[in-house]
Amino acid sequence: MGNRVEVMHGVNLEQLGRRDPAHYGALTLEELELLISGNAHELGLEVRFFQTNHEGDFVEHLHRLTGLADGIVLNPGAWTHYSYAIRDALELTNLPAVEVHLSDVDSREPWRRQSVIGELCIGPVAGKGPAGYREALERLRAEMGE
């Protein structure tokens with residue numbers, strides 16, 4: 001039983017607050033992470049955060065999670081839809097993971113409806129804005145046996 005969760009944000013997510021608020025809301029990444037931290041604390045989870053715009057850094061960070069995390073909440077951004085390198089690295093972690101998207105990817109452009117990591121995850125949470133991260137933490141906590 002573990003409670004260490006790595007929250008990983010991918011490409012362009014450091015631009016929250018500047019991106020289209022109709023899809024992504026008005027919170028900055030820093031504000032979102034404060035909200036996630038509060039939710040994690042309420043759920044008895046310890047969280048660490050990582051964000052990068054470099055696919056290789058995202059992959060290498062996944063490689064380093066063994067022994068450091070008990071589960072992953074990840075929003076790879078656009079990489080979700082085509083990065084088999086991230087998919088393979090996620091598979092190597094052998095950790096439970098929940099895929100999160102602030103926007104409702106299923107009602108947007110057709111290419112956003114494809115997830116190459118989906119089958120490796122407990123499930124997706126999409127279109128719920130910042131509240132989706134709490135749902136992801138709850139699902140991960142249940143999977144980890146907390």
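Reader: In this predicted model, are helices α3 and α4 roughly parallel or roughly antiparallel to each other?

Author: Helix α3 covers residues 55-63 and helix α4 covers residues 84-93, and where they pack, their axes are 8 Å apart at an angle of about 10°. An angle under 35 degrees counts as roughly parallel. The two helices, α3 and α4, are therefore roughly parallel.

Reader: How many nonpolar, polar and charged residues are in the contact of α3 with α4?

Author: On the side of α3, the residues that meet α4 are Glu55, Phe58, Val59, Leu62 and His63, while α4 brings Ala85, Ile86, Ala89, Leu90, Leu92 and Thr93. Sorted by class, the contact of α3 with α4 consists of eight nonpolar, two polar and one charged residues.

Reader: Which strands does α3 lie across?

Author: Helix α3 also meets the sheet, running at about 170° to β1. The strands that α3 lies across are β1, β2 and β3.

Reader: Which strands stand at the edges of the sheet?

Author: The sheet is open and has five strands with parallel pairing, in the order β2-β1-β3-β4-β5. A strand at the edge has a single partner strand, so one side of that strand is left without a neighbour in the sheet. The strands standing at the edges are β2 and β5.

Reader: What is the average twist from one strand to the next?

Author: The twist belongs to the open sheet whose five strands are ordered β2-β1-β3-β4-β5. From one strand to the next, the twist averages 20°.

Reader: Which residue in β5 is the bridge partner of His101?

Author: Strand β4 spans residues 97-101 and is joined to β5 by four bridges, with the two strands running parallel. Within this pairing, Val98 stands opposite Gly123 in β5. For His101, the bridge partner in β5 is Ala126.

Reader: Which residues of strand β5 are on its uncovered face?

Author: In a regular strand the side chains alternate between the two faces of the sheet. Strand β5 covers residues 123-126, and its covered face holds Gly123 and Val125. The uncovered face of β5 holds Pro124 and Ala126.

Reader: How many residues apart are Arg4 and Asp70?

Author: The structure holds seven salt bridges, and one of them joins Arg4 to Asp70, with the closest N and O atoms 2.9 Å apart. This pair links distant parts of the chain, since Arg4 is in strand β1 (residues 4-9) and Asp70 is in the loop between α3 and β3, at a separation of 66 residues.

Reader: In the salt bridge of Arg48 with Glu6, is Glu6 buried or exposed?

Author: The closest N and O atoms of Arg48 and Glu6 are 2.8 Å apart, and the pair links strand β2 (residues 46-51), where Arg48 lies, to strand β1, where Glu6 lies. Arg48 has a relative accessibility of 38% and counts as partly exposed. Buried means under 20% relative accessible area. With a relative accessible area of 1%, Glu6 is buried.

Reader: Which residues are joined with Glu42 into one network by salt bridges that share partners?

Author: The side chains of Arg134 and Glu42 meet in a salt bridge at 2.7 Å from N to O, linking helix α5 (residues 131-144) to helix α2 (residues 29-42) across 92 residues. Arg134 counts as partly exposed at 24% relative accessibility, whereas Glu42 is exposed, with a relative accessible area of 58%. Through salt bridges that share partners, Glu42 is joined into one network with Arg134 and Glu138.

Conventions:
Residues are numbered from 1 along each chain as its sequence is written. This is a predicted model: local features need pLDDT of at least 70, side-chain atom pairs count only at pLDDT 80 or more; totals for chains, interfaces and linings use all residues. Side-chain values use heavy atoms; hydrogens and water are left out. Axes are lines fitted to C-alpha atoms, for helices over the stretch in contact, and angles run from 0 to 180 degrees between N-to-C directions. Angles under 35 degrees count as roughly parallel, over 145 as roughly antiparallel, 65 to 115 as roughly perpendicular and the rest as oblique. Contact means heavy atoms within 4.5 Å. Ala, Val, Leu, Ile, Met, Phe, Trp, Tyr, Cys and Pro count as nonpolar, Asp, Glu, Lys and Arg as charged, and the others, Gly among them, as polar. Buried means under 20% relative accessible area, exposed over 50%, partly exposed in between (1.4 Å probe, protein chains only). Two strands pair if DSSP finds at least two bridges between them. A salt bridge is a side-chain nitrogen of Lys or Arg within 4 Å of a carboxyl oxygen of Asp or Glu.
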